[in-house]
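This report is an introduction for a reader who has not met the structure before. It takes up the strands, then the charged side chains, and then the aromatic rings.

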Amino acid sequence: TAIVDMDNENSNGLATIKLIRFDYPRLPCIMLKDKADDNVLVRALELDVFGVINKPVDMNILRGLLHRLFLKRYNSDIFA
């Protein structure tokens with residue numbers, strides 16, 4: 001699972017996810033974004049991103065998303 005900060009000054013988060021998709025097309029990705037507007041959400045859907053979380057990150061929300069992802073993708077309840 002990759003957690004990608006979309007607001008990183010040194011890299012473009014969407015480009016990072018596109019690179020990940022090139023080599024690892026089934027790797028689940030979670031995006032972190034300061035302000036996730038409709039444009040960001042549409043682009044996330046196009047890239048098959050598992051989830052988008054607003055920053056600052058609420059760790060309970062992240063843990064819940066990881067729990068759902070690991071149950072669905074890996075049949076693991078490691079985050080329960």
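## Strands and their pairing

Two strands count as paired if DSSP finds at least two bridges between them. The model described here is a predicted one, and in it strand E1 (residues 2–5) is joined to strand E2 by four bridges, the two strands running parallel. Within this pairing, Asp5 stands opposite Leu32 in E2. Between E1 and E2 the chain passes through helix H1 (residues 13–23), and the resulting β-α-β crossover is right-handed.

E2 also pairs with strand E3 (residues 51–54), again in the parallel sense and over four bridges. Here Lys33 has Asn54 in E3 as its bridge partner. Together with helix H2 (residues 38–46), strands E2 and E3 make up a β-α-β unit that is right-handed.

## The covering of E2

How many of the residues of strand E2 (residues 29–33) are buried? Five of its five residues are buried, and the strand is accordingly described as mostly covered. The covering applies to both faces of E2, with Cys29, Met31 and Lys33 buried on one side and Ile30 and Leu32 buried on the other. For Lys33, the relative accessible area is 19%, and because buried means under 20%, this residue falls within that class.

## A network of charged side chains

The structure holds three salt bridges. In one of them Asp5 is paired with Lys55, with the closest N and O atoms 2.8 Å apart. Since Asp5 belongs to strand E1 and Lys55 to the loop between E3 and H3, this salt bridge ties together parts that are 50 residues apart in sequence. Asp5 is partly exposed, at a relative accessible area of 32%, and Lys55 is also partly exposed, at 22% relative accessibility.

Asp7 takes part in a salt bridge with Lys33, where the closest N and O atoms are 2.8 Å apart. Asp7 lies in the loop between E1 and H1 while Lys33 lies in strand E2, so this pair ties together parts that are 26 residues apart in sequence. Asp7 counts as partly exposed, with 26% relative accessibility. Asp7 also forms a salt bridge with Lys55, and there the closest N and O atoms are 3.1 Å apart. This pair, too, links distant parts of the chain, as Asp7 in the loop between E1 and H1 and Lys55 in the loop between E3 and H3 are 48 residues apart. Through shared partners, the salt bridges join Asp5, Asp7, Lys33 and Lys55 into one network.

## Aromatic rings

A pair of aromatic rings is described by the distance of the centres and the angle of the planes. The structure holds two aromatic pairs. One is formed by Phe70 and Tyr74, whose rings are tilted, at 4.9 Å centre to centre and with 55° between the planes. Both residues lie in helix H3 (residues 59–74), where Phe70 and Tyr74 are four residues apart, which is about one turn of the helix.

Phe70 also pairs with Phe79, in an edge-to-face arrangement at 5.1 Å centre to centre, with 75° between the planes. Phe70, Tyr74 and Phe79 thus form one aromatic cluster. As for accessibility, Phe70 counts as buried at 18%, whereas Tyr74 is partly exposed at 40% and Phe79 is partly exposed at 29%.

Terms used: Residues are numbered from 1 along each chain as its sequence is written. This is a predicted model: local features need pLDDT of at least 70, side-chain atom pairs count only at pLDDT 80 or more; totals for chains, interfaces and linings use all residues. Side-chain values use heavy atoms; hydrogens and water are left out. Rings of Phe, Tyr and Trp (its six-membered ring) pair if their centres lie within 6.5 Å; planes under 30 degrees apart count as stacked, over 60 as edge-to-face and the rest as tilted. Buried means under 20% relative accessible area, exposed over 50%, partly exposed in between (1.4 Å probe, protein chains only). A crossover is right-handed if, with the strands pointing away from the viewer, the path from the first strand over the helix to the second runs clockwise. A salt bridge is a side-chain nitrogen of Lys or Arg within 4 Å of a carboxyl oxygen of Asp or Glu.
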